Amino acid sequence: MKINQTILKEFTLVGFSVYPQVQTFLFVVFFGLYLLTLTGNLAIMGLTWVDRSLHTPMYLFLSALSFSETCYTLSIIPRMLTDLLAKNRSISVIGCSLQMCFFLALGATNCVILTVMGYDRFLAICNPLRYPLLMTSMVCGQLVASAWAVGFFISVIETALIFRGSFCSPNLVKHFFCHMRAVVRLSCLHSDLTEFTVTLISVSGLMGTFLLIVLTYVFILSTVLRIPSAEGKQKAFSTCASHLTVVIVHFGFASIVYLKPEASGGDDTLIAVPYTVITPFLSPLIFSLRNKDMKGAFRKVLGKTSSLDKTS
């Protein structure tokens with residue numbers, strides 16, 4: 001128990017203020033990546049909406065992931081960009097709890113949607129005849145809604161555990177957002193136990209969804225290897241390539257943060273950049289550049305736009 005210390009009503013996000021000489025440079029880089037991330041995700045959602053050939057479960061889930069990742073970045077990056085140029089980096093305890101809640105919820109939602117996308121590929125490849133009956137539009141909507149429900153359920157539990165008590169000074173959150181580990185260390189009571197509990201919940205969720213994805217790909221691989229033609233194998237693998245690449249990037253960067261030993265050291269602020277900035281940037285890039293249907297839909301839209309310009 002921490003005693004004889006002031007009860008806090010607001011925090012100060014230290015963030016990148018420890019690197020004052022590069023803050024302007026970081027602002028330009030992060031702002032550019034953020035604009036590209038928003039453009040990529042909005043393009044995927046827009047193309048999926050306007051092109052009827054993309055009205056399939058796979059692209060519905062991709063659009064849902066793009067929407068979730070857009071919200072995910074909105075909960076962190078605008079505030080981070082503001083703090084890179086501002087002198088006052090204070091945030092109220094309530095504001096901090098809301099930011100943490102949405103960040104954790106949307107991060108968990110992304111994990112579940114990626115798992116659902118793996119399940120969709122499993123059904124399409126391992127059970128193609130029953131796939132249209134099993135993966136209807138209603139089922140797709142229910143799976144996406146379930147992903148959001150699970151994400152917010154986990155987040156509310158973790159946030160409630162962290163903010164159930166009061167916080168003691170110093171009020172410095174050694175991060176560029178209200179990261180749960182950085183905030184829980186300012187708790188007046190039982191911070192070690194709370195930190196262990198919320199970390200255990202996060203790691204369990206991360207590893208659980210990852211293992212489910214691995215399991216689906218074990219079944220997918222065993223089915224694809226039984227396909228007699230090389231062309232059939234390549235076609236089956238091509239539908240999974242983008243998803244598998246994003247899974248490796250997403251869970252790889254997240255595991256660096258949550259599975260990093262406490263005694264290993266390192267700046268948590270810099271370590272968090274890959275999964276808060278780089279992963280959301282790479283995800284739409286991978287899904288669009290490595291997807292023939294998405295590139296075809298983009299060419300159609302460009303073709304319609306150019307024909308409209310000529311007629312006008």
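This is a short talk about how some helices and strands fit together in one predicted model.

Hi everyone, and thanks for coming. Please keep in mind that we are looking at a predicted model. I'll start with the strands, then go through three helix pairs, and stop at a few single residues on the way.

Let's begin with the sheet. Strands of a sheet pair through backbone hydrogen bonds, and they can do so either parallel or antiparallel. Here, 3 strands form an open sheet with mixed pairing, and their order is 2-1-3. Which strands sit at the edges? They are strand 2, residues 90-92, and strand 3, residues 172-173, and each of them pairs on one side only.

Now look at strand 1, residues 10-13. Strand 1 runs antiparallel to strand 2, and 3 bridges join the two. You can follow this residue by residue: Glu 10 has Ser 92 of strand 2 as its bridge partner, and Phe 11 is bridged to Ile 91, again in strand 2. With strand 3, strand 1 pairs in the parallel sense, over 2 bridges. There, Leu 13 has Val 173 of strand 3 as its bridge partner. Strand 1 also has two faces: Phe 11 and Leu 13 are on the covered one, while Glu 10 and Thr 12 are on the uncovered one.

On to the helices. Two packed helices are described by the angle between their axes and the distance between the axes. We'll use that description for each pair.

Pair one is helix 1, residues 23-50, with helix 10, residues 268-289. Their axes are 9 Å apart and the packing angle is about 40°. Are they parallel or oblique to each other? At that angle, helix 1 and helix 10 are oblique, and their crossing is left-handed. On the helix 1 side, the contact includes Phe 30, Leu 33, Gly 40 and Ile 44, and on the helix 10 side it includes Val 273, Val 277, Pro 280 and Phe 287. Sorted by class, this contact has 11 nonpolar residues, 3 polar ones and no charged ones.

Let's pause at Phe 30, which lies in helix 1. Phe 30 has a relative accessibility of 6%, so it counts as buried. Beyond its close sequence neighbours, Phe 30 touches Phe 16, Met 80, Leu 81, Leu 84, Val 273 and Val 277. How far apart in sequence are Phe 30 and Leu 81? They are 51 residues apart in sequence, yet their C-alpha atoms are 7.4 Å apart in space.

Over in helix 10 we find Thr 279. Why does Thr 279 count as buried? Because its relative accessible area is 5%, and the cut-off for buried is under 20%. Leaving out residues within four places in sequence, Thr 279 is in contact with Val 249, His 250, Phe 253 and Pro 274.

Pair two is helix 4 with helix 9, residues 230-258. These two pack at an angle of about 150°, with their axes 11 Å apart. That angle makes helix 4 roughly antiparallel to helix 9. The crossing is left-handed here. Among the residues in the contact are Phe 103, Leu 104, Cys 111 and Arg 121 of helix 4, along with Ala 236, His 243, Phe 251 and Tyr 258 of helix 9. By class, there are 12 nonpolar, 5 polar and 1 charged residues.

Leu 104 deserves a short stop as well. Leu 104 sits in helix 4, residues 93-126, and with 10% relative accessibility it counts as buried. Not counting neighbours within four places in sequence, its contacts are Ser 155, Glu 158, Thr 159, Met 180 and Tyr 258. Leu 104 and Leu 54 are 50 residues apart in sequence, and 30 Å lies between their C-alpha atoms.

Pair three brings helix 4 back, now with helix 8, residues 191-224. The angle is about 15° and the axes are 9 Å apart. Helix 4 and helix 8 are therefore roughly parallel to each other, and helix 4 passes helix 8 in a left-handed crossing. From helix 4, residues including Cys 111, Leu 114, Gly 118 and Phe 122 meet residues of helix 8 including Leu 206, Leu 212, Thr 216 and Phe 219. This contact divides into 13 nonpolar, 5 polar and 1 charged residues.

That's my tour. Thanks for listening, and I'm happy to take questions!

Technical notes. Residues are numbered from 1 along each chain as its sequence is written. This is a predicted model: local features need pLDDT of at least 70, side-chain atom pairs count only at pLDDT 80 or more; totals for chains, interfaces and linings use all residues. Side-chain values use heavy atoms; hydrogens and water are left out. Axes are lines fitted to C-alpha atoms, for helices over the stretch in contact, and angles run from 0 to 180 degrees between N-to-C directions. Helices (H or I, at least four residues) and strands (E, at least two) are DSSP runs, numbered from the N terminus. Angles under 35 degrees count as roughly parallel, over 145 as roughly antiparallel, 65 to 115 as roughly perpendicular and the rest as oblique. A crossing is left-handed if the near helix is turned anticlockwise from the far one by less than a right angle, and right-handed if clockwise. Contact means heavy atoms within 4.5 Å. Ala, Val, Leu, Ile, Met, Phe, Trp, Tyr, Cys and Pro count as nonpolar, Asp, Glu, Lys and Arg as charged, and the others, Gly among them, as polar. Buried means under 20% relative accessible area, exposed over 50%, partly exposed in between (1.4 Å probe, protein chains only). Two strands pair if DSSP finds at least two bridges between them.
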